[in-house]
Amino acid sequence: MHVAVGQFAVTPDWETNARTCVALMAQAREKGASLLVLPEALLARDDSDPDMSVKSAQPLDGGFLRLLLAESAGNTLTTILTVHVPSTAGRAVNTLVVLRAGAIVASYAKLHLYDAFSIQESRLVDPGEHIPPLIEIDGMNIGLMTCYDLRFPELALSLALQGADVLVLPAAWVKGPLKEHHWATLLAARALDTTCYVVAAGECGNKNIGQSRVIDPLGVTIAAAAEGPDLIFAEIISARIALARQQLPVLRNRRFAPPQLL
């Protein structure tokens with residue numbers, strides 16, 4: 001399976017951001033990708049207004065996703081990203097959506113909200129309550145995660161024990177001391193915890209690091225972007241997963257019961 005990962009700097013204008021997503025979808029499809037992963041919270045961002053993502057929230061049938069669904073119609077490319085969806089007055093849910101053939105085929109409300117490093121996502125965002133379902137692409141099972149979820153190995157492990165072959169992670173990883181090191185270390189750790197590929201997309205505005213990556217089941221980075229806009233490609237190989245799980249059978253060797261998140 002060929003995958004693409006797109007990163008860009010989200011602007012304050014949702015229509016501009018939608019056009020960027022549509023262009024990346026078209027490029028990924030033209031290059032033969034079956035899966036495109038885009039970053040987290042793509043409706044709008046403003047360096048001077050940390051609440052812009054929530055203020056710009058749209059329903060799943062809003063204008064932003066309508067444009068992306070129109071691009072998705074008539075082809076088999078699966079696109080994964082997150083947007084903020086209104087919940088109650090002034091609040092929203094950080095929602096991962098999976099688009100394919102002109103429809104939303106799955107969604108996931110972010111479980112772990114980023115209440116860390118002097119940021120409090122839960123101030124305006126409601127958490128999800130359920131582990132996301134696996135989706136299938138080209139015979140492979142895909143597990144869904146969002147940004148801060150990366151710091152919680154029990155979610156990745158739960159998805160792997162359900163049968164995930166690949167873990168997908170839209171993100172907007174905030175810059176800061178050692179944060180790039182955390183990102184790279186945690187991506188490799190989740191791959192090694194689960195012997196899954198990890199496909200992670202990072203927003204690359206002034207406050208976030210970008211650095212999208214594809215990690216193989218033995219923790220090796222096989223594709224990576226820097227801090228600017230980019231579209232990277234990699235091949236997901238089922239035989240590589242099988243070999244990793246033969247050499248490193250951590251899923252079989254576990255001595256603890258499966259973790260219960262909720």
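This briefing describes a mixed sheet, two helix pairs and one loop residue in the structure above. The model is predicted, so local features rest on pLDDT of at least 70 and side-chain atom pairs on pLDDT 80 or more, while totals for chains, interfaces and linings use all residues. Residues are numbered from 1 along each chain as its sequence is written, and side-chain values use heavy atoms, with hydrogens and water left out. Helices (H or I, at least four residues) and strands (E, at least two) are DSSP runs numbered from the N terminus.

**The sheet**

- Six strands form an open sheet of mixed pairing, in the order β9-β10-β11-β12-β13-β14, where two strands pair if DSSP finds at least two bridges between them.
- The edges are held by β9 (135-137) and β14 (221-224), each with a single partner strand, so one side of each has no neighbour in the sheet.
- From one strand to the next, the twist averages 20 degrees.
- Strands of a sheet pair through backbone hydrogen bonds, in either the parallel or the antiparallel sense.

**Strand β10 and its partners**

- β9 and β10 (residues 140-144) run antiparallel and are joined by three bridges; Glu136 stands opposite Asn141, and Ile137 has Met140 as its bridge partner.
- Two residues lie between the strands in the hairpin of β9 and β10, where Asp138 takes a positive phi near 50 degrees.
- With β11, β10 pairs in the parallel sense over three bridges, and Ile142 stands opposite Val166 of β11.
- Four of the five residues of β10 are buried, so this strand is largely enclosed by the rest of the structure; buried means under 20% relative accessible area, exposed over 50% and partly exposed in between, with a 1.4 Å probe and protein chains only.

**Helices α4 and α5**

- The axes of α4 (residues 153-162) and α5 (residues 179-194) come within 9 Å and cross at roughly 40 degrees, which makes α4 oblique to α5.
- Axes are lines fitted to C-alpha atoms, for helices over the stretch in contact, and angles run from 0 to 180 degrees between N-to-C directions; those under 35 degrees count as roughly parallel, over 145 as roughly antiparallel, 65 to 115 as roughly perpendicular and the rest as oblique.
- α4 passes α5 in a right-handed crossing, a term for a near helix turned clockwise from the far one by less than a right angle, with anticlockwise giving left-handed.
- Pro153, Ala156, Leu157 and Ala160 of α4 make the contact with Arg190, Asp193 and Thr194 of α5, contact being heavy atoms within 4.5 Å.
- The residues of this contact divide into four nonpolar, one polar and two charged; Ala, Val, Leu, Ile, Met, Phe, Trp, Tyr, Cys and Pro count as nonpolar, Asp, Glu, Lys and Arg as charged, and the others, Gly among them, as polar.
- α5 also lies across β11 (166-171), β12 (197-202) and β13 (213-215), running at about 30 degrees to β13.

**Helices α1 and α3**

- The axes of α1 (residues 14-30) and α3 (residues 63-72) come within 9 Å and cross at roughly 20 degrees, and these helices are therefore roughly parallel to each other.
- α1 passes α3 in a right-handed crossing, and the residues that meet include Trp14, Cys21 and Met25 in α1 and Phe64, Leu67 and Leu68 in α3.
- By class, the contact of α1 with α3 has nine nonpolar, three polar and two charged residues.

**Ser122**

- Ser122 lies in the loop between β7 (119-120) and β8 (125-126) and counts as partly exposed at 25% relative accessibility.
- Not counting residues up to four places away in sequence, Ser122 touches Arg91, Leu113 and Asp115; the C-alpha atoms of Ser122 and Arg91, 31 residues apart along the chain, are separated by 9.4 Å.
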